[in-house]
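Let's walk through this chain together, one question at a time. Keep the viewer open as you read.

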Amino acid sequence: MTLIFEKLRKQYGSHVAIDDVSTRFEPGLIHGIIGPNGAGKSTLINMTAGSYIVSGGEISLDSKVLSGLKKYQIANAGVARTYQNIRLFDQMTVLENLEVCFYPSQIGQVWGEIFWPPFAQKRLRMRREVCMELLSFFDLQHHADAEAGSLPYGRQRMLEIARALVMNPRVLLLDEPAAGLNHHETAELTARLATLRSPDRIVIVVEHDMDLVMSVCDRIVVMHHGKLLFQGTPAEVQASSDVQLAYLGTGNDIDDIKTAAQNRRAQLGIRTRRRS
Ligand SMILES: Nc1ncnc2c1ncn2[C@@H]1O[C@H](COP(=O)(O)OP(=O)(O)O)[C@@H](O)[C@H]1O
Ligand SMILES: [Mg+2]
């Protein structure tokens with residue numbers, strides 16, 4: 001199973017937001033996509049999930065072409081996502097937010113649920129079990145009956161990720177999951193993300209928090225002005241002068257990368273080499 005972008009392109013009117021991007025994402029790894037604001041990161045997520053139509057090129061999973069399919073067909077192919085701005089069903093309970101996403105994946109299950117009450121009951125119990133398990137994993141089990149909109153912001157972010165996991169997706173797309181989280185919540189998220197690495201799943205995280213990216217991601221794609229500027233391991237990204245140049249003049253992001261790199265080296269017990 002590999003998710004492949006082949007010469008991907010997206011234009012909004014005359015504005016080229018994604019220009020000739022080719023890359024691959026493998027299962028068992030956590031992939032990061034980074035880049036300054038407006039680089040095209042969300043556009044990549046939106047095209048993969050089918051929210052935006054691609055203007056050129058192709059997205060495929062397991063040699064099945066996803067680009068051109070409807071959003072629900074892409075979801076059925078096993079692609080789930082979260083949004084840069086939280087999109088929960090505020091007036092539903094926390095548990096209901098998960099349950100509505102647990103839909104029958106086969107036509108036989110649909111008919112079974114309609115015409116055979118014991119089957120429907122069994123499915124209902126299973127649905128609840130899976131959803132409660134996920135809530136527990138995200139430490140949300142005590143909030144199961146609370147309205148989603150009443151949860152603190154950080155908990156809502158966790159609920160969004162839990163909801164994306166309900167159908168056990170093969171591809172999980174997370175668009176800035178740490179946005180708006182405090183330091184403690186970001187640390188909690190970082191630890192949880194690391195446990196989502198699975199041989200049956202491709203995880204892609206778009207993120208600004210460099211500590212999170214550098215500690216959790218196995219491979220990183222760097223986007224700049226809609227183009228793929230660089231890809232490699234966290235260490236290769238940190239060492240790339242192209243990446244450093246791209247971030248110059250865009251605020252403090254390059255300092256974040258350097259600080260995260262230093263933290264990571266310290267964590268790993270690697271001494272920083274001094275230039276003579
Ligand atoms: N729906 C849209 N309509 C027009 N332009 C858009 C739309 N979405 C994104 N863009 C433009 O495409 C570029 C990439 O945006 P985006 O993918 O959101 O970047 P990022 O997530 O890296 O900050 C930006 O110049 C942005 O203004
Ligand atoms: Mg974005």
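Helices here are DSSP runs of H or I with at least four residues, and strands are runs of E with at least two, both numbered from the N terminus. Keep in mind that the model is predicted.

Q: How many helices and strands are there in the chain?
A: With the definition above in hand, we can start with the overall make-up. The chain has 11 helices and 10 strands.

Q: What percentage of the residues of the chain count as buried?
A: A residue is buried when its relative accessible area is under 20%. The chain has 276 residues to sort in this way. The share that counts as buried is 46%.

Q: What share of the accessible surface of the chain belongs to carbon and sulfur atoms?
A: The accessible surface adds up to about 14,300 Å². Carbon and sulfur atoms hold a portion of this area, namely 51%.

Q: Which helix holds Ala-191, and is this residue buried or partly exposed?
A: Ala-191 sits in helix 7, a segment that spans residues 183-194. Its C-alpha atom is 8.2 Å from that of Val-216, although 25 residues separate the two along the chain. The relative accessible area of Ala-191 is 48%, which means the residue is partly exposed.

Q: Is Ser-198, in the loop between helix 7 and strand 8, buried or exposed?
A: This loop residue touches Pro-27 and Gly-28, leaving aside residues up to four places away in sequence. The cut-off for a buried residue is under 20% relative accessible area. Ser-198 has 16% relative accessibility, so Ser-198 is buried.

Q: How many of the residues of strand 3 are buried?
A: Strand 3 covers residues 30-34 and is mostly covered. Ile-30, Gly-32 and Ile-34 point one way, while His-31 and Ile-33 point the other way, and all are buried. The count for strand 3 is therefore five of five, given the cut-off of under 20%.

Q: Which strands are joined to strand 3 by four bridges?
A: Strand 8 (residues 202-206) runs parallel to strand 3, and four bridges join them. Strand 9 (residues 219-224) is also parallel to strand 3, again with four bridges. The names asked for are strand 8 and strand 9.

Q: Which residue is the bridge partner of Gly-32 in strand 8, and which one in strand 9 stands opposite His-31?
A: Both residues belong to strand 3, where Gly-32 and His-31 point opposite ways. In strand 8, the partner of Gly-32 is Val-205. In strand 9, the residue opposite His-31 is Arg-219.

Q: In the open sheet of four strands, which strands stand at the edges?
A: The strand order in this sheet is 2-1-4-5, with antiparallel pairing. Each edge strand has a single partner strand, so one side of it is left without a neighbour in the sheet. The edge strands are strand 2 and strand 5.

Q: Which residue in strand 5 stands opposite Leu-61?
A: Strand 4 and strand 5 pair in the antiparallel sense over two bridges. Opposite Leu-61 in strand 5 is Lys-64.

Q: What is the relative accessibility of Asp-62?
A: Asp-62 is placed in the loop between strand 4 (56-61) and strand 5 (64-65). Its phi is near 60°, a positive value in a residue other than glycine. Asp-62 counts as partly exposed, with a relative accessibility of 36%.

Q: Which element gives the most to the shell around ligand 1?
A: Strand 2 and helix 1 (41-49) each supply at least two residues of the shell. By class, the shell has five nonpolar, six polar and one charged residues. The top contribution is three residues, and it comes from helix 1.

Q: How much of the accessible area of ligand 1 does the protein cover?
A: A polar side-chain atom of Tyr-12 lies 3.3 Å from a nitrogen atom of ligand 1, and an N or O atom in the side chain of His-15 is 3.1 Å from one of the ligand's oxygen atoms. Gly-40 brings a backbone N or O atom to 2.9 Å from an oxygen atom of ligand 1. On its own ligand 1 has 550 Å² of accessible area, and the protein covers 63%.

Terms used: Residues numbered from 1 in each chain as written. Chains lettered and ligands numbered in written order. Predicted model: local features only at pLDDT ≥ 70, side-chain atom pairs only at ≥ 80, totals over all residues. Heavy atoms only, no water. Buried < 20%, exposed > 50% of the residue type's maximum accessible area, 1.4 Å probe, protein only. Pairing = 2+ DSSP bridges. Areas by Shrake-Rupley, 256 points an atom, 1.4 Å probe, with all protein chains shown as cover. Contact = heavy atoms within 4.5 Å. Polar contact = N/O pair within 3.5 Å; in protein donor to acceptor, adjacent residues only side chain to side chain. Nonpolar A, V, L, I, M, F, W, Y, C, P; charged D, E, K, R; others polar.
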